[in-house]
Amino acid sequence: MQVDAVVLDIDGVLVDVADSYRRAVVESVERVYGDTIEKAGIQQFKDAGGFNNDWEVTDAAALFVLSAREADVADLAAFTDAIAERGGGIGAAEAVVRDLLDEAAAERVLDAWDPDELRDVFQTLYLGSDLYRDLEGGDPPFDAPGYINDEPVLVAPETLATLRERYAVGVVTGRPAAEADIAMERVGLDIPDEHRFTMDDWAEGKPHPHALVTLAERFDAERVAFAGDTLDDVQTAVNADEADDDRVYYGVGVLTGGLTGETGRRKYANAGASAVVETVDDLPDLLG
């Protein structure tokens, strides 16, 4: 797999977010609605597609919890499978609610559903009180220490040094820019703003190929590897390869996020991954 550019996701690749973003998803729904899903259930939303934004994972988990109060809704796996069948994402989750419930019950769920409150609680839990004031403005709804401080680094400094020595290196992430800055500083990855795409830089989000294709053009690269920890990351590379006739794109699945072990390998392969690695530290050997 000879490439001249490497693009990296952040969450689950450069930093571990199991006790930060994913914890905030579970606890935000619990705080707002008094019930929630298991942390392991988050991966089922991720696998359904269209949930690169963890605020929207939180919104969808809340829809499941609220729907379960109205009727004997099937288990979470059936709920997320139905979302996948409708193309993934929060719009599909809303459609599933309307399909599962009668009209009156669906309206009660959607009336009780409050994405703005969920986002505010999520940001408070994730950022903590002080950083919330800095980045969100104003006072948080409650005091919190901030799960952003509980994100272990997943990449060795020498790995980043090797990749930057050999290839053009970029980042495509679903994080807001300010939160991407914090993670990149933590791992020691300093790249120009024009070599990264965050939530603030493009509307479509993964798996739309725009960000990856644009970086390839900026790098003047012919062959690009994109390493990520979700099926949407792999699909982003697949979509870029289909959209851009001038270049070759490889999706590399990393097993340090929600997808792990042989099950993770199979899911990546089925999604069209060109390769799967245990950690991002295996990239230099893979790319050779």
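## Salt bridges in the model

A salt bridge here is a side-chain nitrogen of Lys or Arg within 4 Å of a carboxyl oxygen of Asp or Glu. The model examined is a predicted one. By that criterion, the whole structure holds 19 salt bridges. Several of them are described below, followed by the burial pattern of one helix.

## Arg-119 and Glu-136

Arg-119 and Glu-136 satisfy the criterion through their side chains, with an N to O distance of 3.0 Å. This pair links distant parts of the chain, the two residues being 17 residues apart. Arg-119 belongs to helix α7 (residues 115-127), while Glu-136 sits in the loop between α8 (129-135) and α9 (157-166).

Partly exposed residues are those between the limits of under 20% for buried and over 50% for exposed. Arg-119, at 29% relative accessibility, therefore counts as partly exposed. Glu-136 is also partly exposed, because its relative accessible area is 28%.

## Arg-265 and Glu-278

A salt bridge also joins the side chains of Arg-265 and Glu-278, at 2.9 Å from N to O. Here too the pair links distant parts of the chain, 13 residues apart. Arg-265 lies in helix α13 (residues 261-271), and Glu-278 lies in the loop between β6 (275-277) and α14 (283-287).

Arg-265 has a relative accessible area of 26%, so this residue is partly exposed. Glu-278 counts as partly exposed at 42% relative accessibility. Elsewhere, Asp-11, Glu-151, Arg-175 and Arg-186 are joined into one network by salt bridges that share partners.

## Arg-98 and Glu-107

Arg-98 forms a salt bridge with Glu-107, and the closest N and O atoms of this pair are 2.8 Å apart. Arg-98 has 45% relative accessibility and so counts as partly exposed. Glu-107, with a relative accessible area of 31%, is partly exposed.

## Helix α4

Helix α4 spans residues 76-85. Its buried residues are Leu-76, Phe-79, Thr-80, Ala-82 and Ile-83. These residues lie on the same side of α4, because they cover an arc of only 150° around the axis.

The elements that cover the buried residues of α4 include α2 (42-48), α3 (54-70) and α5 (90-100). Just after α4, Gly-87 adopts a positive phi of about 100°.

Terms used. Residues are numbered from 1 along each chain as its sequence is written. This is a predicted model: local features need pLDDT of at least 70, side-chain atom pairs count only at pLDDT 80 or more; totals for chains, interfaces and linings use all residues. Side-chain values use heavy atoms; hydrogens and water are left out. Buried means under 20% relative accessible area, exposed over 50%, partly exposed in between (1.4 Å probe, protein chains only). Helices (H or I, at least four residues) and strands (E, at least two) are DSSP runs, numbered from the N terminus. The arc is that of the directions from the helix axis to the C-beta atoms. Contact means heavy atoms within 4.5 Å.
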